[in-house]
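Colleague: I am new to this one and would like a close look at a single part. Could you pick a place to start and walk me through what surrounds it?

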Amino acid sequence: QEIDALLQILHDFGNATGLRVNLAKSTASAIRCDEATLADVLQNFGGQTMDFPLKYLGLPITLSRLRLVHIQFILDRIKARLAGWKGKLMSIAGRRVLVRSVLSALPTFALTVLRAPKKFLNEVDRVRRRFLWAQDEELSGGKCKVSWPVVCTPIDHGGLGILDMSRFSRALRLRWLWLSWT
């Protein structure tokens, strides 16, 4: 009955605004519905059912803890972006600009709402550090001119102004709390 009432509300909304819901493109995902038979509950729904983990607006949604495999596509996107760049032909300043503007910006959307695993943040930092110092070759300690915490400090304090991903992701998530509080 509740599903039928919800479908009627969506239908009435479509009649009032002209914005119709395409149930063939809609999905339903059950969260801990062991007792109820999902097919009986969703018999009038018309869409498909999906299990977790699933993607919504390009972000993974899971019932358990977020794992690296759920957000591996972001790392793959960062590495694919690096493949087209010729780091050896750029100066250190050009590589710094690309690290700050592109490689640091790619995971921002996901980090705004997801608490990424430390392994993911470390991998993003490893890719950024490797491109900055070694032009996407193998990185050894001798190629790094300055330690990574110093690189991640603001320019006013002697750093390169590259974002520290763990602090940045925490600040992005805390922003939601601040916005709901104010």
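Modeller: Let's start with Arg167, which is exposed, with a relative accessible area of 63% in this predicted model. The side chain of Arg167 forms a salt bridge with that of Asp164, at 3.7 Å from N to O. Asp164 is partly exposed, because its relative accessibility is 22%, and the cut-off for counting as buried is under 20%.

Arg167 falls within helix α8, which covers residues 165-181, and this gives us a way into the helices. Look next at how α8 sits against α6, the helix of residues 118-134. The axes of α6 and α8 are 9 Å apart and pack at an angle of about 130°. That angle makes the two helices oblique to each other. On the α6 side, the residues that meet α8 are Leu121, Val124, Asp125 and Arg128. Their partners in α8 are Met165, Ser166 and Ser169. Sorted by class, this contact of α6 with α8 has 3 nonpolar, 2 polar and 2 charged residues.

Now stay on α6 and turn to α3. Which way does α3 run beside α6? The axes of α3 and α6 cross at roughly 5° and come within 11 Å. That makes α3 roughly parallel to α6, since angles under 35 degrees count that way. From α3, the residues in contact are Ile74, Leu75, Ile78, Lys79 and Leu82. From α6, they are Phe120, Glu123, Val124, Arg126, Val127 and Phe131. This contact contains 8 nonpolar and 3 charged residues, with no polar ones. You have already met Val124, because that residue of α6 is also listed in the contact with α8.

Three residues of the α3 and α6 contact deserve a pause. Lys79, Glu123 and Arg126 are linked in a network of salt bridges. The side chains of Lys79 and Glu123 come together at 3.5 Å, N to O. This pair joins distant parts of the chain, with Lys79 in helix α3 (residues 72-83), Glu123 in helix α6, and their positions 44 residues apart. The other link runs from Glu123 to Arg126, at 2.6 Å from N to O. Here the partners are 3 residues apart in α6, which means that about one helical turn separates them. How open are the two basic ends, buried, partly exposed or exposed? Lys79 is partly exposed, at a relative accessible area of 36%. Arg126 is partly exposed too, at 35%. For context, a search of the whole structure finds 4 salt bridges.

A further partner of α6 is α4, made of residues 92-103. The axes of α4 and α6 lie 8 Å apart, and the helices pack at an angle of about 160°. That leaves α4 roughly antiparallel to α6, and their crossing is right-handed. Ile92, Arg95, Arg96, Leu98, Val99 and Leu103 of α4 touch Arg128, Phe131, Leu132 and Trp133 of α6. The residues of this contact divide into 7 nonpolar and 3 charged, with no polar ones.

Helix α4 also has its share of covered residues. Arg95, Arg96, Leu98, Val99, Val102 and Leu103 are buried there. Among the elements that cover them are α3, α6 and α8. That brings us back to α8, the helix that holds Arg167 and spans residues 165-181.

Before you go, have a look at the loops between the strands. Leu57 sits in the loop between β3 and β4 (59-61). Although Leu57 is not a glycine, its phi is positive, at about 55°. Leu57 is also exposed, with a relative accessible area of 63%. Gly58 shares that setting, in the loop between β3 and β4, and is partly exposed at 39%. The C-alpha atoms of Gly58 and Phe109 are 9.4 Å apart in space, while the two residues are 51 apart in sequence. In the loop between β2 (48-49) and β3 (54-56) you will find Pro53. The peptide bond leading from Phe52 to Pro53 is cis, with omega near -5°.

Methods. Residues are numbered from 1 along each chain as its sequence is written. This is a predicted model: local features need pLDDT of at least 70, side-chain atom pairs count only at pLDDT 80 or more; totals for chains, interfaces and linings use all residues. Side-chain values use heavy atoms; hydrogens and water are left out. Axes are lines fitted to C-alpha atoms, for helices over the stretch in contact, and angles run from 0 to 180 degrees between N-to-C directions. Helices (H or I, at least four residues) and strands (E, at least two) are DSSP runs, numbered from the N terminus. Angles under 35 degrees count as roughly parallel, over 145 as roughly antiparallel, 65 to 115 as roughly perpendicular and the rest as oblique. A crossing is left-handed if the near helix is turned anticlockwise from the far one by less than a right angle, and right-handed if clockwise. Contact means heavy atoms within 4.5 Å. Ala, Val, Leu, Ile, Met, Phe, Trp, Tyr, Cys and Pro count as nonpolar, Asp, Glu, Lys and Arg as charged, and the others, Gly among them, as polar. Buried means under 20% relative accessible area, exposed over 50%, partly exposed in between (1.4 Å probe, protein chains only).
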